[in-house]
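Trainee: I would like to go through this assembly with you, one question at a time, and hear the reasoning behind each answer.

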4 protein chains.
Amino acid sequence: MAYNLLKGKKGIIFGALDEKSIAWQTALKAYEEGAEFTLSNTPTAIRFGTVDELAKQCKTIIIPADATSVQDLENVFSKSIEHFGGKVDFVLHSIGMSMNVRKKRVYNDLDYDYFKTTLDISALSFHKLLQVAFKLDAINEWGSVLALSYIAAQRTLYAYNDMADAKALLESIARSFGYIYGRERKIRVNTISQSPTMTTAGSGVRVMSGLMDFTDRMSPLGNASAEECANYCITLFSDLTKKVTMQNLYHDGGFSSMGMSNKAMQMYNKSFTCEHCQD
Amino acid sequence: MAYNLLKGKKGIIFGALDEKSIAWQTALKAYEEGAEFTLSNTPTAIRFGTVDELAKQCKTIIIPADATSVQDLENVFSKSIEHFGGKVDFVLHSIGMSMNVRKKRVYNDLDYDYFKTTLDISALSFHKLLQVAFKLDAINEWGSVLALSYIAAQRTLYAYNDMADAKALLESIARSFGYIYGRERKIRVNTISQSPTMTTAGSGVRVMSGLMDFTDRMSPLGNASAEECANYCITLFSDLTKKVTMQNLYHDGGFSSMGMSNKAMQMYNKSFTCEHCQD
Amino acid sequence: MAYNLLKGKKGIIFGALDEKSIAWQTALKAYEEGAEFTLSNTPTAIRFGTVDELAKQCKTIIIPADATSVQDLENVFSKSIEHFGGKVDFVLHSIGMSMNVRKKRVYNDLDYDYFKTTLDISALSFHKLLQVAFKLDAINEWGSVLALSYIAAQRTLYAYNDMADAKALLESIARSFGYIYGRERKIRVNTISQSPTMTTAGSGVRVMSGLMDFTDRMSPLGNASAEECANYCITLFSDLTKKVTMQNLYHDGGFSSMGMSNKAMQMYNKSFTCEHCQD
Amino acid sequence: MAYNLLKGKKGIIFGALDEKSIAWQTALKAYEEGAEFTLSNTPTAIRFGTVDELAKQCKTIIIPADATSVQDLENVFSKSIEHFGGKVDFVLHSIGMSMNVRKKRVYNDLDYDYFKTTLDISALSFHKLLQVAFKLDAINEWGSVLALSYIAAQRTLYAYNDMADAKALLESIARSFGYIYGRERKIRVNTISQSPTMTTAGSGVRVMSGLMDFTDRMSPLGNASAEECANYCITLFSDLTKKVTMQNLYHDGGFSSMGMSNKAMQMYNKSFTCEHCQD
């Protein structure tokens with residue numbers, strides 16, 4: 001069911017890889033809701049993913065970019081403005097990667113070049129995106145910029161590694177630049193802290209399935225899916241949320257406000273009651 | 001501009017007094033967006049306010065209730081179910097009052113009967129509303145319940161008095177009951193922490209105008225108005241935010257994430273530079 | 001090992017019942033550290049507990065009081081001032097009780113008289129204590145007031161019931177009154193958010209043992225004991241923490257900053273691997 | 001007045017420049033409290049500051065190090081262990097610098113090489129320090145590691161620039177590594193979020209004096225001084241706070257829990273009442 005919530009709005013969506021991606025789902029919803037947008041991802045992701053199908057479905061173009069490159073980002077914004085014949089109204093940043101995670105370097109044995117790359121790709125890219133757009137004056141008044149985050153920014157999760165620090169930095173950048181964008185341009189900048197999602201990227205984090213079972217049982221409404229996250233993004237791009245800015249918004253079925261649920265506790269307690277599974 | 005975001009949805013809106021009320025503005029928007037709802041307020045508020053005009057405009061009924069009375073609340077839900085011929089999908093709680101504020105009792109000289117009344121009206125009423133609705137099974141699956149709060153629940157504001165404590169309690173009740181509603185009924189419960197708003201109720205707080213100037217200059221997007229808050233409520237009643245629960249959501253132009261803005265600092269610094277206004 | 005950290009300081013300790021009590025352990029440590037203090041608890045608690053032994057050990061007196069009674073609290077402060085021949089320097093509030101928990105009323109079927117009593121005993125008593133002390137000018141400059149809280153104030157825990165709301169209210173009162181005490185008297189007011197502790201009071205909460213195992217495995221340093229909490233209280237009563245006020249301080253082995261630990265996850269995952277304990 | 005709180009403890013203090021430094025004051029207090037420690041700072045800081053005087057006063061050595069260099073940090077820990085004939089019990093990280101601030105690059109025109117350097121010096125250095133110490137097994141069980149932070153990590157302050165993001169990253173690193181240190185070594189890791197302090201480093205931030213007046217009037221106990229912060233550090237290095245970990249601890253006279261104080265509001269309101277200072 002569509003509402004025309006984004007009718008007439010233009011945007012840029014970074015990070016759609018395949019249909020599991022939150023960015024992909026957001027593109028589909030935004031299209032349904034009447035928005036036009038361009039898509040961007042790295043040349044590698046474009047080659048290995050299926051983002052060209054998405055572009056066809058949404059009748060749009062793909063502009064390749066390494067989001068750590070200021071020049072590439074300038075190109076994405078310039079091309080998008082050219083494509084639309086005007087500024088954009090919304091931007092989605094769904095970008096993150098850790099070489100330490102990929103190479104199985106644990107947190108007490110990080111490679112510092114990898115760490116810097118994690119921060120550059122997953123957090124500084126957001127500052128670069130915002131700074132490029134600011135200098136090009138590329139976003140309309142009352143526009144909306146979103147980045148995707150995770151609760152590891154506030155609470156340590158086993159094996160989430162340096163991505164936790166990158167997300168904390170990302171959220172800080174959203175606040176810091178949100179102040180300037182609000183003051184100077186009446187544009188809002190927020191992050192969504194989404195449930196763990198079995199995206200192709202997310203699946204890199206070890207012990208993902210046990211964790212997802214736990215968060216699902218802890219969350220009174222269960223884990224939020226990529227599609228549900230897309231719906232939430234739409235409301236934050238719409239004109240109905242104009243005064244929400246500099247926030248980190250939990251979209252997680254209630255997980256962030258839980259200390260312990262009945263369901264998770266029962267599952268946890270099982271490990272004691274069964275004599276076959278004692279330490 | 002309307003989107004039919006609440007088409008087919010039924011609700012109950014507590015606390016509309018006059019057109020300055022957030023509840024009033026939310027009723028207007030909900031009506032525009034295709035919802036049907038009943039209105040409720042105290043007999044006194046109905047007599048002194050203009051809620052009957054609102055009822056006419058929205059083609060609905062008013063069900064008087066003292067929100068501290070379980071019986072009255074049962075009546076509101078029963079009558080509403082009868083009116084709609086079925087359960088409701090959303091509820092707005094916009095209720096708060098402090099006799100200590102009204103009678104100018106400062107925080108270090110509170111009257112404890114007044115304090116208990118503040119808590120009963122401004123916070124326990126929300127629990128009662130939720131418990132009554134739970135027992136009557138009055139809310140549909142994936143329904144949404146909202147209460148209005150204020151940042152005084154987290155940070156002390158001069159002269160906000162025992163309302164700060166009432167709001168902290170209100171937000172806690174939203175979390176506690178949100179867990180149960182999520183788990184048992186797939187219903188979400190949240191609070192919106194709104195900018196200071198010059199409602200008829202809000203004007204009771206002393207030094208309100210100085211404070212509102214300060215928060216307006218501190219907030220990169222300025223204070224949020226009652227009408228803007230109404231828009232935000234609509235998104236939270238809609239089907240696009242199904243997995244947001246147990247949250248306190250700041251709708252405040254960015255105030256909650258600010259330490260000090262340039263604008264507010266400049267105004268503050270003026271008091272030093274002018275020799276006419278030294279202590 | 002003692003440091004004379006509280007040498008010359010006078011105080012009042014509310015809520016010691018038996019040697020499991022945090023208040024009891026704090027009394028022992030305060031005594032070791034050179035403080036003098038009076039003890040207070042309800043007549044019932046004094047009768048059923050063993051606080052007279054503690055009084056003997058610490059060479060002090062017990063002043064019975066129902067902490068919901070302003071008159072009783074006035075008596076505690078007056079008698080204490082008389083006992084010391086002067087004002088006090090520190091106060092510990094370790095008071096909480098829920099009839100809803102005791103009578104097994106679940107959160108969606110609360111008795112409202114019980115709920116009000118929970119709030120009165122567990123939270124308003126702290127306001128009353130602070131207001132009485134304020135009016136009597138009973139606390140010295142740079143004095144320190146502490147109340148004990150729990151993370152349920154921020155995150156919902158199965159079966160913690162209306163005590164969660166009471167703790168949220170308690171923490172808000174600490175902030176609100178902390179502002180006034182700081183401004184007017186240079187006195188600090190804080191809450192400690194302690195690990196779940198197997199006190200005689202705490203044992204009333206259902207499913208306590210499973211929960212304590214979980215929090216112990218989640219907390220990198222394990223659950224904090226009553227004795228360790230007592231040590232922390234001493235630092236907050238000392239002259240080394242003069243500018244810490246209006247804070248809720250987690251003393252929990254790191255639990256509050258954890259999303260998921262390896263240890264807890266391994267225990268949780270066991271419930272899947274053993275075929276004998278499937279649903 | 002000293003208590004022997006750190007008797008027999010060994011430590012390393014990074015970042016003492018001159019007597020305004022928090023690290024300097026902490027060294028003096030730690031010495032008074034019976035600790036032995038080594039001092040470290042960059043060769044430049046050692047040349048331009050007066051840290052050799054401090055070393056003389058505290059009868060200790062200085063080990064120069066660029067805290068972004070893993071090799072230099074290894075040297076600091078190895079030399080310190082050699083100096084003491086054993087492991088250390090506490091470490092203070094008081095290190096931060098932004099070239100963007102120095103070169104007056106505003107937040108919407110950051111130089112990215114400078115930004116990366118800000119993060120490397122002010123945040124990654126803390127990870128490096130912790131990782132080096134972890135690999136060398138350089139810290140005793142129940143040891144304590146502290147870093148100094150600022151509320152800009154949570155709330156945007158005009159002109160604080162990319163240091164806000166660096167502090168957010170620093171606090172995240174403290175949590176992430178605190179989990180591992182707690183689990184593996186029973187060592188705690190925390191940050192102190194201190195009032196703005198007129199250190200030689202802090203004076204680099206523009207509009208510092210107006211801001212310090214504002215925070216002083218907002219904080220019910222006034223701004224906390226470097227010396228008071230040193231006292232607080234001592235308690236966190238002592239054996240009385242063993243179960244406090246992964247926390248960001250506000251030492252700010254209450255500022256972090258304030259929305260608006262009477263004092264600050266009165267000063268703010270002056271700018272309206274004087275006709276000479278209207279816009």
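The exchange below turns to the contact of two chains, then to salt bridges and to backbone angles.

Mentor: Please keep in mind throughout that this is a predicted model.

Trainee: By what turn can chain B be laid on chain A?

Mentor: The superposition of chain B on chain A leaves an RMSD of 0.0 Å, with a shift of 0.0 Å along the axis, and the turn is 180°. The two copies are thus related as by a two-fold rotation axis.

Trainee: Which residue of chain B comes closest to the rotation axis?

Mentor: The distance is taken at the C-alpha atom, and at 2.6 Å the residue of chain B that comes closest to the axis is B:Tyr3. The same surface serves both copies, since the contact residues of chain B recur in chain A to the extent of 100%.

Trainee: How is the size of such a contact expressed, and what area is buried between chain B and chain A?

Mentor: The size of an interface is often given as the accessible area lost when the parts come together. Here 42 residues from chain B and 42 residues from chain A take part in the contact. Of the area that chain B buries against chain A, 24% is supplied by B:Leu221, B:Leu240 and B:Lys243, more than by any other three residues. Carbon and sulfur atoms give 64% of the area buried between the two chains, which is about 3,700 Å².

Trainee: Which element gives the largest share of the side of chain B that touches chain A?

Mentor: On that side of chain B, at least two residues each come from α7 (162-185), α9 (226-237) and β7 (248-251). The residues of the side divide into 16 nonpolar, 17 polar and 9 charged. The largest share amounts to 5 residues, and the element that gives it is α7(B).

Trainee: How many salt bridges are counted between chain B and chain A, and which residues form them?

Mentor: B:Lys243 pairs with A:Glu228, the closest N and O atoms being 3.0 Å apart, and B:Glu228 meets A:Lys243 in a salt bridge, also with 3.0 Å from N to O. The latter pair crosses from helix α9 of chain B to the loop between α9 (226-237) and β7 (248-251) of chain A. The count between the two chains is 2 salt bridges.

Trainee: Is A:Lys243 buried or exposed?

Mentor: The cut-off for a buried residue is a relative accessible area under 20%. A:Lys243 has a value of 6%, and therefore counts as buried.

Trainee: How many residues apart in sequence are the parts that D:Asp137 and D:Arg185 tie together?

Mentor: The two residues form a salt bridge in which the closest N and O atoms are 3.5 Å apart. D:Asp137 lies in the loop between α6 (112-136) and β4 (139-149) of chain D, whereas D:Arg185 is in helix α7 of chain D, so the parts tied together are 48 residues apart.

Trainee: Which residue in the loop between β5 (156-157) and α7 (162-185) of chain C has a positive phi although it is not a glycine?

Mentor: C:Lys104, in the loop between α5 (99-102) and α6 (112-136) of chain C, has a positive phi of about 55°, but that is another loop than the one you name. In the loop between β5 and α7 of chain C, the residue with a positive phi, of about 80°, is C:Ala159.

Note on methods. Residues numbered from 1 in each chain as written. Chains lettered and ligands numbered in written order. Predicted model: local features only at pLDDT ≥ 70, side-chain atom pairs only at ≥ 80, totals over all residues. Heavy atoms only, no water. Least-squares fit on C-alpha atoms with pLDDT ≥ 70 in both. Contact = heavy atoms within 4.5 Å. Buried area = accessible area lost by both parts, 1.4 Å probe. Salt bridge = Lys/Arg side-chain N within 4 Å of Asp/Glu carboxyl O. Helix = DSSP H or I, 4+ residues; strand = E, 2+ residues; numbered from the N terminus. Nonpolar A, V, L, I, M, F, W, Y, C, P; charged D, E, K, R; others polar. Buried < 20%, exposed > 50% of the residue type's maximum accessible area, 1.4 Å probe, protein only.
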